Amino acid sequence: MAQNFKNHVKFVPVFHFFVLPVLLFNVGWAIYRIVRAPSAGSVEILVVALALLLAALYGRMFALAVQDRLIRLEMQLRLQGLLPANLRSRIPEFSLNQLVALRFASDAELPELAGKVLAENLQDRKTIKRMIRNWQADELRA
């Protein structure tokens, strides 16, 4: 199936549907044990359960932050090659949200869309993505 606005959100099944539910269940179970039989051991188990959950969440967030930095660099280079001279000097004005959303636009429509995003100061990723007519798939995401 071709990627588009409606199906572009990436789910990592093992992470989203196994790791996170197991870690959340583990935190819930640790809380239950503290309520049923409070002890230093049950508190320790809860602390470890919370640490594991936070490690998984932060690991995902760190990977997405690195991905966003790479997208910013890629888009700045792409815009440098595609934008007309009058817009090229405005590349530093693009926010990260704008660049992340614009990455799905085809080369043909990117200059016009980028100009509109700057002119109207559009910041919402979903709003910008909805404006894309010729979706360019991004299959190499974290």
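Which helix gives the most to the lining of the largest pocket? Keep that in mind while we look around. One caution before the tour: this is a predicted model.

Okay, the answer is α2, which puts four residues into that lining. Helix α2 covers residues 40-82, and along with α6, residues 125-130, it supplies at least two residues of the pocket wall. In total, 17 residues line the largest pocket, and the ones nearest its centre are Lys10, Arg103, Arg125, Lys129 and Arg141. If you sort the lining by class, you get eight charged residues, six nonpolar and three polar. The volume comes out at about 390 Å³.

Now for the second largest pocket, at about 160 Å³. Its lining includes Gln67, Leu70, Ile71, Glu74 and Arg78, and also Arg103, Asp138 and Arg141. The classes here are five charged, four nonpolar and two polar.

Let's stay with two of those residues, Arg103 and Asp138. They form a salt bridge, with the closest N and O atoms 2.8 Å apart. Why does this pair tie together separate parts of the chain? Because Asp138 sits in the segment after α6, while Arg103 is in the loop between α4 and α5, and these parts are 35 residues apart in sequence. And both partners are buried.

The structure has five salt bridges, so let me show you another couple. Glu112 pairs with Arg133 at 3.7 Å, N to O. Glu112 belongs to helix α5 and Arg133 to the segment after α6, so this bridge links parts 21 residues apart in sequence. Are these two buried or exposed? Glu112 is exposed, at 55% relative accessible area, and Arg133 is exposed too, at 62%. Then there's Glu93 with Arg90, at 2.9 Å, N to O. Glu93 is partly exposed at 47%, and Arg90 is also partly exposed, at 27%.

Next, have a look at Gln98 in helix α4, residues 96-102. With 2% relative accessibility, Gln98 counts as buried, because the cut-off for that is under 20%. Its C-alpha atom is 6.4 Å from that of Arg125, although the two are 27 residues apart along the chain. And Arg125, remember, is one of the residues nearest the centre of the largest pocket.

Last stop, the surface. Leu54, Leu57, Tyr58, Met61 and Phe62 make a nonpolar patch of about 500 Å². Tyr58 is in helix α2, and at 43% relative accessibility it counts as partly exposed. So we end on α2, the helix that gives the most to the lining of the largest pocket.

Notes. Residues numbered from 1 in each chain as written. Predicted model: local features only at pLDDT ≥ 70, side-chain atom pairs only at ≥ 80, totals over all residues. Heavy atoms only, no water. 1 Å grid on protein atoms, 1.4 Å probe; cavity = no way out; pocket = protein on both sides within 12 Å on 5 of 7 lines; lining within 4 Å. Points joined across faces, edges and corners; volume = space filled by probe spheres on them. Nonpolar A, V, L, I, M, F, W, Y, C, P; charged D, E, K, R; others polar. Patch = residues over 30% accessible without salt bridge, like charges linked within 9 Å, V, L, I, M, F, W, Y side chains within 5 Å. Areas by Shrake-Rupley, 256 points an atom, 1.4 Å probe, with all protein chains shown as cover. Salt bridge = Lys/Arg side-chain N within 4 Å of Asp/Glu carboxyl O. Buried < 20%, exposed > 50% of the residue type's maximum accessible area, 1.4 Å probe, protein only.
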